[in-house]
Amino acid sequence: MKKCCIFSRVSSVHQSAEEQTKELYAEAYRNGYTDDEIIKIERTESAIKLSESERITIQMLFDIINTHPIECVICRELSRIARRPDVLYSVRDRLIQSGIQLIVCNPYMKLLDDKGKLSQTANIMFSLFGSIAESEMAIKIERFKEGKLRKKNAGKWAGGWLPYGYSFDQNTHEIIVVPEQRDVIIKIYDMYVNQGLSTVQIARYLNQTGELNTCRDGHTMETAVSTIGSMLKNKAYIGEHPVFRGKVVDNIYPAIVSKDIFEAASLRLDKHNSRKNPTVRIQGKHIYYCSDILFDKYGNHLTGKSVANSYRFVRNDVSGQKYQITVPINLVDSVVWHYTKQYIEMNNPLSNDEAIKNLTVQHKTIHDIIQNNQKRIKQLEESIIRTTERIVTGKTSEKTGDIIISRLEEEKATLEEAFLSKMFEEKVIAERIKTLKETKQNPLENPSDELRFELIQKYVEKIIVETTDEWGVYNLSIQYIDMNVDFVTIKSMSKKAFNVIGNEISYEYLERFVRPKA
């Protein structure tokens with residue numbers, strides 16, 4: 001006994017599935033089918049932006065065709081089958097191959113002519129209505145986006161990224177400042193700009209005081225430092241459109257800090273990043289091993305001056321008196337590398353084979369993370385599209401959809417930041433492995449300036465330099481990461497150094513690097 005399948009699907013809760021089903025039954029009766037010969041597919045869902053395999057109703061139709069002697073499918077409109085032309089044509093071709101008639105009620109048409117071939121009228125209507133359905137949904141989505149943009153320009157939250165420090169009024173959706181988070185932001189800018197602390201030092205301090213718990217993703221030091229760095233670059237805090245993942249965000253947020261302190265923070269961040277970026281270091285004319293980690297006893301940061309071949313800090317105090325500290329670059333870099341090399345050999349001995357093995361494991365781990373991030377980012381993008389469609393079609397309320405999209409975009413942004421960081425890290429490690437494979441000597445023997453810089457920056461936390469009354473004699477205190485004692489104190493002059501640990505003093509001759517002035 002041949003059967004008929006009626007295909008009743010609505011894409012919005014505002015449409016009546018019951019009325020549509022009655023209309024389809026009436027058409028089936030007119031074509032000679034009884035209730036026993038009719039199979040009903042009835043469902044409410046969105047039909048756009050989903051692949052054929054994902055649309056449950058179409059899969060149900062195909063399953064029925066495979067298991068029942070279906071000779072006719074009846075639907076109300078072509079758009080009820082699918083809104084994307086490619087999906088619509090795939091259903092059409094499947095019906096033609098199976099010799100199954102398709103009847104569309106509005107406007108009325110039959111897929112096959114009396115000879116069982118594709119009707120020319122049906123062919124034209126498929127092309128026309130498939131394009132119209134796709135165009136209508138594109139217009140709806142564009143209008144939805146325009147509505148969100150109008151809200152953003154009016155200072156209201158319309159979904160998407162909401163930076164730390166802000167929330168929104170549940171009734172008016174107006175963006176508001178969260179007082180306790182505002183205080184943390186102001187403190188971070190003050191500590192970074194006015195007190196001269198690094199992002200790592202700020203993260204440690206806020207972690208100790210418990211204020212870091214209020215920072216987003218502040219549960220580990222790595223994420224805390226990254227979060228603080230992002231906050232120091234966020235233009236939202238000065239009332240301007242922030243740049244987020246290379247794109248300008250439409251929202252404007254209430255200002256929290258002054259433009260002067262924001263620009264001062266940006267200037268310091270730019271200098272810091274140029275020093276920490278290996279590509280910049282390699283391309284630069286001068287490489288100073290102690291850049292960014294050398295301070296005087298007052299906490300002032302000494303910077304390398306190639307003209308004077310020295311590290312220097314100069315400032316006029318409030319009374320007009322000039323304060324200056326200058327130490328030779330060749331001396332400081334020689335001493336610090338000498339003891340850093342010893343520190344590495346004692347605590348992290350390196351050999352080419354061992355280094356290659358360790359780096360290979362790191363490279364694979366990072367590669368796996370990158371692959372997983374790519375996969376998850378793609379999934380999040382698809383989820384954002386589907387949620388937008390559900391809002392447009394009325395299946396999800398705008399308020400609920402905005403909250404879902406905001407969470408998805410926030411997770412996507414975090415993953416994209418990690419993805420870019422890991423991509424760069426993977427490239428650096430690959431270059432290191434290649435270099436180690438090309439040489440058979442110990443990597444600490446006759447290393448390049450770039451490697452010395454990298455190892456010092458990796459293992460040395462901080463260096464404090466003091467001048468003495470004796471000309472050419474300096475006291476250097478080197479703080480290494482993860483050492484039981486806080487500092488290794490060294491008194492150095494010319495090619496000699498006195499290593500002081502506790503009450504013990506040792507005397508050593510140092511290899512002195514001599515680099516000419518610019």
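## A loop residue with an unusual backbone

D292 sits in the loop that runs between helix 9 (278-283) and strand 10 (294-295). This is a predicted model, and in it D292 has a positive phi of about 80°, even though D292 is not a glycine. Is D292 buried or exposed? Its relative accessibility is 18%, so D292 counts as buried; the cut-off for that label is under 20%.

## A cis peptide bond in another loop

There's another backbone feature to look at, this time around a proline. N106 and P107 are linked by a cis peptide bond, with omega at about -10°. As for where to find P107, look in the loop between strand 4 (101-104) and strand 5 (109-110).

## The chain as a whole

Stepping back, the protein chain has 13 helices and 18 strands. It contains 518 residues, and 42% of them are buried. Take the contacts between residues at least 6 apart in sequence: 58% of these join residues at least 24 apart.

## The nonpolar core

In soluble globular proteins, nonpolar side chains tend to end up buried together. Here, the largest nonpolar core has 32 residues, and C290, L294, Y311 and I463 are the ones with the most contacts inside it. Which elements each supply at least two residues of this core? On the strand side, they are strand 12 (310-316), strand 13 (322-328), strand 14 (460-467) and strand 15 (474-480). Helix 10 (329-347) and helix 13 (449-459) do so as well. Helix 10 gives the largest share, with 9 residues.

L294 is a handy residue to click on if you want to see who touches whom. Setting aside residues up to four places away in sequence, L294 touches N300, H301, L302, Y311, V327, V332, I463 and V465. Two of those partners, Y311 and I463, are named with L294 among the residues with the most contacts inside the core.

## E466, on strand 14

Strand 14 also holds E466. With a relative accessibility of 31%, E466 counts as partly exposed, because that value falls between the 20% limit for buried and the 50% limit for exposed. Which residues does E466 contact, once its neighbours within four places in sequence are left aside? They are K297, Y474 and N475.

E466 also pairs up in space with a residue from another part of the sequence. The C-alpha atoms of E466 and F295 are separated by 9.0 Å, although the two residues are 171 apart along the chain.

## Helix 5 against helix 6

Two packed helices are described by the angle between their axes and the distance between the axes. For helix 5 (residues 179-194) and helix 6 (residues 199-209), the axes come within 10 Å and cross at roughly 135°. That angle makes helix 5 oblique to helix 6, and the crossing of the two is right-handed.

So who does the touching? From helix 5, the residues in the contact are V184, K187, I188, M191 and Y192. They meet T199, I202, Y205 and L206 of helix 6. Sorted by type, the residues of this contact come to 7 nonpolar, 1 polar and 1 charged.

## D260, out on helix 8

One last residue to find is D260, which lies in helix 8 (residues 259-276). Its relative accessible area is 62%, so D260 is exposed. D260 and I238 are 9.5 Å apart in space, C-alpha to C-alpha, with their positions 22 residues apart in sequence.

Technical notes
Residues are numbered from 1 along each chain as its sequence is written. This is a predicted model: local features need pLDDT of at least 70, side-chain atom pairs count only at pLDDT 80 or more; totals for chains, interfaces and linings use all residues. Side-chain values use heavy atoms; hydrogens and water are left out. Axes are lines fitted to C-alpha atoms, for helices over the stretch in contact, and angles run from 0 to 180 degrees between N-to-C directions. Helices (H or I, at least four residues) and strands (E, at least two) are DSSP runs, numbered from the N terminus. Angles under 35 degrees count as roughly parallel, over 145 as roughly antiparallel, 65 to 115 as roughly perpendicular and the rest as oblique. A crossing is left-handed if the near helix is turned anticlockwise from the far one by less than a right angle, and right-handed if clockwise. Contact means heavy atoms within 4.5 Å. Ala, Val, Leu, Ile, Met, Phe, Trp, Tyr, Cys and Pro count as nonpolar, Asp, Glu, Lys and Arg as charged, and the others, Gly among them, as polar. Buried means under 20% relative accessible area, exposed over 50%, partly exposed in between (1.4 Å probe, protein chains only). A nonpolar core is a set of buried Ala, Val, Leu, Ile, Met, Phe, Trp, Tyr and Cys residues joined through side-chain atoms within 4.5 Å.
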